[in-house]
Amino acid sequence: MFTKKSKSTEAHMRELKIIDKETNKAFQIFNFEHIETPTGNVMTIIYDNITIGKGNDFLISNQIGRVVGYLNVNFNIKNKQFVLNPEPVAEGL
């Protein structure tokens, strides 16, 4: 879900819902309100703000650093849940 704060010129991702394809229900929801830098507004197309990695891991674009940054999301096999690292990784400092 994207939102635009008052007096802001850009929209950013407020939350990300991971949907179970079989049930079409939200499996897990990440809320980005507590992350200081805007998330999910780096790429033009909304779906380009998520980059799939190895296995079930993925990256979410984040507006930190001179060029771009990202948030890491890893899948915990034991708990069968995704885990968001809330500290953005900056590229191009």
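How many aromatic pairs does the count come to in this predicted model? The count comes to three aromatic pairs, and one of them, together with the other parts of the structure taken up below, is described in the legends that follow.

**Figure 1. The aromatic pair of Phe-27 and Phe-82, within a cluster of rings.** A pair of aromatic rings is described by the distance of the centres and the angle of the planes. For Phe-27 and Phe-82 the centres are 6.3 Å apart and the planes stand at 85 degrees to each other, an edge-to-face arrangement. The pair links distant parts of the chain, with Phe-27 in strand β4 (residues 25-31) and Phe-82 in strand β8 (residues 81-84), 55 residues apart. Phe-27 is partly exposed, because its relative accessibility is 36%, whereas Phe-82 counts as buried because its relative accessibility is 14%. Ring pairs join both residues with Phe-58 and Phe-75 into a cluster.

**Figure 2. The overall fold of the predicted model.** The protein has nine strands and zero helices, so that the pattern read along the sequence is β-β-β-β-β-β-β-β-β. Of its 93 residues, 25% are buried, and the accessible surface comes to about 6800 Å², with 52% of this area belonging to carbon and sulfur atoms. When contacts between residues at least 6 apart in sequence are considered, 36% of them join residues at least 24 apart. The mean pLDDT of the protein is 83, and 82% of the residues reach 70 or more. Among the elements, strand β1 (residues 2-3) has the lowest mean pLDDT, at 58, and β8 has the highest, at 95.

**Figure 3. Strand β7 and its pairing partners β6, β8 and β9.** Strand β7 (residues 68-76) pairs in the antiparallel sense with strand β6 (residues 58-62) over five bridges, and in this pairing Tyr-70 of β7 is the bridge partner of Ser-61. With β8, strand β7 pairs in the antiparallel sense over four bridges, where Asn-76 has Gln-81 in β8 as its bridge partner. A further antiparallel pairing, over three bridges, joins β7 and β9, and here the bridge partner of Val-68 is Glu-91 in β9.

**Figure 4. Residues with positive phi in two hairpins and a loop.** In the hairpin formed by β6 and β7, five residues lie between the strands, and Gly-65 takes a positive phi near 85 degrees. The hairpin of β7 and β8 has four residues between its strands, with Lys-80 in the turn. Most residues other than glycine have a negative phi, and most peptide bonds are trans. Lys-80, in the loop between β7 and β8, nevertheless has a positive phi near 55 degrees, and this residue counts as exposed because its relative accessibility is 57%. Asn-24, found in the loop between β3 and β4, likewise has a positive phi, near 60 degrees; with a relative accessible area of 64%, Asn-24 is exposed.

**Figure 5. The largest nonpolar core.** This core has 12 residues in all, among them Met-13, Leu-16, Ile-18, Phe-30, Phe-32 and Ile-35. Phe-58, Ile-60, Leu-71, Val-73, Phe-82 and Leu-84 also belong to the core. The elements that give two or more residues to it are β3 (15-20), β6, β7 and β8. Leu-71, one of the core residues, is in contact, beyond its neighbours within four places in sequence, with residues including Phe-32, Ile-35, Phe-58, Ile-60 and Leu-84. Its contacts also include Thr-39, Leu-59, Asn-62, Asn-85, Pro-86, Glu-87 and Pro-88.

**Figure 6. Pro-86 in the loop between β8 and β9 (89-91).** With a relative accessible area of 38%, Pro-86 is partly exposed. When its neighbours within four places in sequence are left aside, Pro-86 is in contact with His-34, Ile-35 and Leu-71. The C-alpha atoms of Pro-86 and Ile-35 are 6.6 Å apart in space, although the two residues are 51 apart in sequence. Both Ile-35 and Leu-71 belong to the largest nonpolar core, and in this view they can be followed together with the loop residue Pro-86 that contacts them.

How values were computed. Residues are numbered from 1 along each chain as its sequence is written. This is a predicted model: local features need pLDDT of at least 70, side-chain atom pairs count only at pLDDT 80 or more; totals for chains, interfaces and linings use all residues. Side-chain values use heavy atoms; hydrogens and water are left out. Buried means under 20% relative accessible area, exposed over 50%, partly exposed in between (1.4 Å probe, protein chains only). Contact means heavy atoms within 4.5 Å. Accessible areas come from the Shrake-Rupley method with a 1.4 Å probe; for residues, only the protein chains shown count as cover. Rings of Phe, Tyr and Trp (its six-membered ring) pair if their centres lie within 6.5 Å; planes under 30 degrees apart count as stacked, over 60 as edge-to-face and the rest as tilted. Two strands pair if DSSP finds at least two bridges between them. pLDDT is the predictor's confidence in each residue, from 0 to 100. A nonpolar core is a set of buried Ala, Val, Leu, Ile, Met, Phe, Trp, Tyr and Cys residues joined through side-chain atoms within 4.5 Å.
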